[in-house]
Amino acid sequence: MAKLGIDISAHNGDIDLAALKRNGVQFAIIRVGYGTKGTLDSKFKRNTDLCKSIGLPFGFYWYSYALDVNGAAEEARHFLNAVAPYKDSYSMECWFDMEDADAYKLNHDLNPYTNGKT
């Protein structure tokens with residue numbers, strides 16, 4: 001059965017999750033952070049704590065800038081460390097967002113759409 005969910009990050013500002021829940025949103029997927037340096041999304045904790053307080057099921061994603069296996073492993077470490085305090089709270093899954101919306105990977109000679117070099 002299909003469910004209505006959203007993915008949220010700092011790009012959405014201080015989103016009113018309670019209003020969205022009242023209007024039918026059933027879950028949120030929250031950006032934890034991005035990149036190999038482990039930059040946390042500035043709204044990660046706020047959005048997570050708010051989902052917990054209003055009873056909105058949630059999961060997490062990490063926006064990947066990894067260009068190789070070592071970079072992906074570093075990002076995974078940052079991701080797992082950041083979500084560890086919430087390990088008993090989230091009911092949706094965790095994902096790596098491998099898109100290339102800002103062409104970072106393509107500009108670094110990695111074509112994410114062909115799984116390899118351009």
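The following legends describe close-up views of a predicted model of one protein chain.

**View 1. Overall arrangement of the protein chain.** The protein chain contains 4 helices and 7 strands. Read from the N terminus, its elements follow the order β-α-β-β-α-β-α-β-α-β-β. Of its 118 residues, 36% count as buried. Among contacts between residues at least 6 apart in sequence, 62% join residues at least 24 apart. The chain exposes about 7100 Å², and carbon and sulfur atoms supply 52% of that area.

**View 2. Helix H3 and its N-terminal cap.** Helix H3 comprises 15 residues, 69-83. At 1.5 Å a residue, a helix of this length should span 21 Å, and the end C-alpha atoms of H3 are indeed 21 Å apart, so expectation and model agree. The N-terminal end of H3 is capped by Asp 68, which places a side-chain oxygen 3.3 Å from the backbone nitrogen of Asn 70.

**View 3. The buried and exposed sides of helix H3.** Gly 71, Glu 75, Phe 79, Ala 82 and Val 83 are the buried residues of H3. Because these residues fall within an arc of 90° when seen down the helix axis, they line one face of H3. Val 69, Asn 70, Leu 80 and Asn 81 are exposed on the other side of the helix. Asn 70 therefore appears in two roles: its side of H3 is the exposed one, and its backbone nitrogen is the partner of the capping oxygen of Asp 68, where exposed denotes over 50% relative accessible area. The buried residues of H3 pack against four strands and a helix, namely strand S2 (27-34), strand S3 (39-40), helix H2 (44-54), strand S4 (58-63) and strand S5 (94-97).

**View 4. The buried face of helix H2.** Within H2, the buried residues are Phe 44, Asn 47, Thr 48 and Cys 51. Seen down the axis of H2, they fall within an arc of 100° and so line one face of the helix. These residues pack against strand S1 (5-8), helix H1 (17-22), S2, S4 and H3. Just after H2, Gly 55 adopts a positive phi of about 75°.

**View 5. Surroundings of Asn 47.** Asn 47 is located in helix H2. Its relative accessibility is 1%, and because buried means under 20%, Asn 47 counts as buried. Not counting residues up to four places away in sequence, Asn 47 touches Ile 8, Ser 9, Ile 15, Leu 17 and Ile 30.

**View 6. Surroundings of Gly 33.** Gly 33 lies in strand S2. At 0% relative accessibility, this glycine counts as buried. With its neighbours within four places in sequence left aside, Gly 33 is in contact with Thr 39, Leu 40, Asp 41, Tyr 61, Trp 62 and Tyr 63. The C-alpha atoms of Gly 33 and Lys 43 are 9.4 Å apart in space, while the two residues are 10 apart in sequence.

**View 7. Cys 51 and Cys 94.** Cys 51 is buried, with a relative accessible area of 0%. Cys 94 counts as partly exposed, at 31% relative accessibility. A disulfide requires two cysteine sulfur atoms within 2.5 Å, and by this rule the count comes to 0 disulfides. Cys 51 is one of the buried residues of H2.

Methods:
Residues numbered from 1 in each chain as written. Predicted model: local features only at pLDDT ≥ 70, side-chain atom pairs only at ≥ 80, totals over all residues. Heavy atoms only, no water. Expected span 1.5 Å × (residues − 1). Buried < 20%, exposed > 50% of the residue type's maximum accessible area, 1.4 Å probe, protein only. Arc of directions from axis to C-beta. Contact = heavy atoms within 4.5 Å. Polar contact = N/O pair within 3.5 Å; in protein donor to acceptor, adjacent residues only side chain to side chain. Areas by Shrake-Rupley, 256 points an atom, 1.4 Å probe, with all protein chains shown as cover.
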